[in-house]
Amino acid sequence: MRCYAVIDTNVIVSALLSKRNDSATVRVFRAMLGGQIVPLYHEDILDEYEEVLRRPKFHLSEDLIRTVISAVKQYGIEVLPESTEMVEILDK
């Protein structure tokens with residue numbers, strides 16, 4: 001069964017930094033590469049991935065960052081956000 005999802009930036013970062021091959025984030029990342037999870041993305045999402053992955057504290061190589069972004073594009077589906085023009089007013 002295929003699952004379509006926006007992959008949270010923290011999931012990708014955690015998967016790349018994980019020392020455990022069986023961690024939940026690594027399993028999600030592998031499922032994306034294996035086609036069980038189809039990532040949904042937009043240019044804004046890709047920009048966020050790149051910005052966060054490039055943070056010096058993570059020490060990720062440029063090649064790895066490009067590979068991750070390419071994989072999301074290769075295995076994913078680009079979606080275009082649309083306004084619902086709905087406004088919800090919450091009573092206090």
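In the predicted model, helix α2 is followed by Gly 35, a residue whose phi is positive and lies near 90 degrees. The helix itself covers residues 24-34, and within α2 the residues Thr 25, Val 26, Phe 29, Ala 31 and Met 32 are buried. These buried residues of α2 pack against three elements, namely α1 (9-17), β2 and α4. An α-helix has 3.6 residues a turn, so residues three or four places apart point the same way.

The packing of α2 against α4 can be described in further detail. Two packed helices are described by the angle between their axes and the distance between the axes. For α2 and helix α4 (residues 62-75), the axes come within 9 Å and cross at roughly 50 degrees. With this crossing angle, α2 is oblique to α4, because an angle that is neither under 35 degrees, nor over 145, nor in the range 65 to 115 counts as oblique. On the α2 side the contact is made by Phe 29, Met 32 and Leu 33, which meet Val 68, Ala 71, Val 72 and Tyr 75 in α4. By class, the contact of α2 with α4 comprises seven nonpolar residues, with no polar and no charged residues. Of the α2 residues named in this contact, Phe 29 and Met 32 also belong to the buried set of the helix.

Strand β2, against which buried residues of α2 also pack, spans residues 37-41, and five of its five residues are buried, so the strand is largely enclosed by the rest of the structure. In a regular strand the side chains alternate between the two faces of the sheet. Both faces of β2 are covered, with Ile 37, Pro 39 and Tyr 41 buried on one side and Val 38 and Leu 40 buried on the other.

The three strands form an open sheet in the order β1-β2-β3, with parallel pairing. The edge strands of this sheet are β1 and β3, each of which pairs on one side only. Strand β1 (residues 3-5) is joined to β2 by three bridges, the two strands running parallel; in this pairing, the bridge partner of Tyr 4 is Val 38 in β2, while Ala 5 stands opposite Pro 39. On the other pairing, β2 and strand β3 (residues 77-78) are joined in the parallel sense over two bridges, and here Tyr 41 stands opposite Glu 78 in β3.

Helix α1, a further partner of the buried residues of α2, contains Thr 9. This threonine is buried, with a relative accessible area of 7%, a value that falls under the 20% cut-off for burial. When neighbours within four places in sequence are left aside, Thr 9 is in contact with Glu 48, Tyr 49 and Val 52.

At the level of the whole chain, four helices and three strands are present, and from the N terminus on these elements run β-α-α-β-α-α-β. The C-alpha trace spans about 45 × 35 × 25 Å along its principal axes, and 32% of the 92 residues count as buried. The accessible surface of the chain comes to about 6900 Å², of which 53% belongs to carbon and sulfur atoms. Among contacts between residues at least 6 apart in sequence, 72% join residues that are at least 24 apart.

How values were computed: Residues numbered from 1 in each chain as written. Predicted model: local features only at pLDDT ≥ 70, side-chain atom pairs only at ≥ 80, totals over all residues. Heavy atoms only, no water. Axes fitted to C-alpha atoms, helices over the stretch in contact; angles between N-to-C directions. Contact = heavy atoms within 4.5 Å. Nonpolar A, V, L, I, M, F, W, Y, C, P; charged D, E, K, R; others polar. Buried < 20%, exposed > 50% of the residue type's maximum accessible area, 1.4 Å probe, protein only. Pairing = 2+ DSSP bridges. Areas by Shrake-Rupley, 256 points an atom, 1.4 Å probe, with all protein chains shown as cover.
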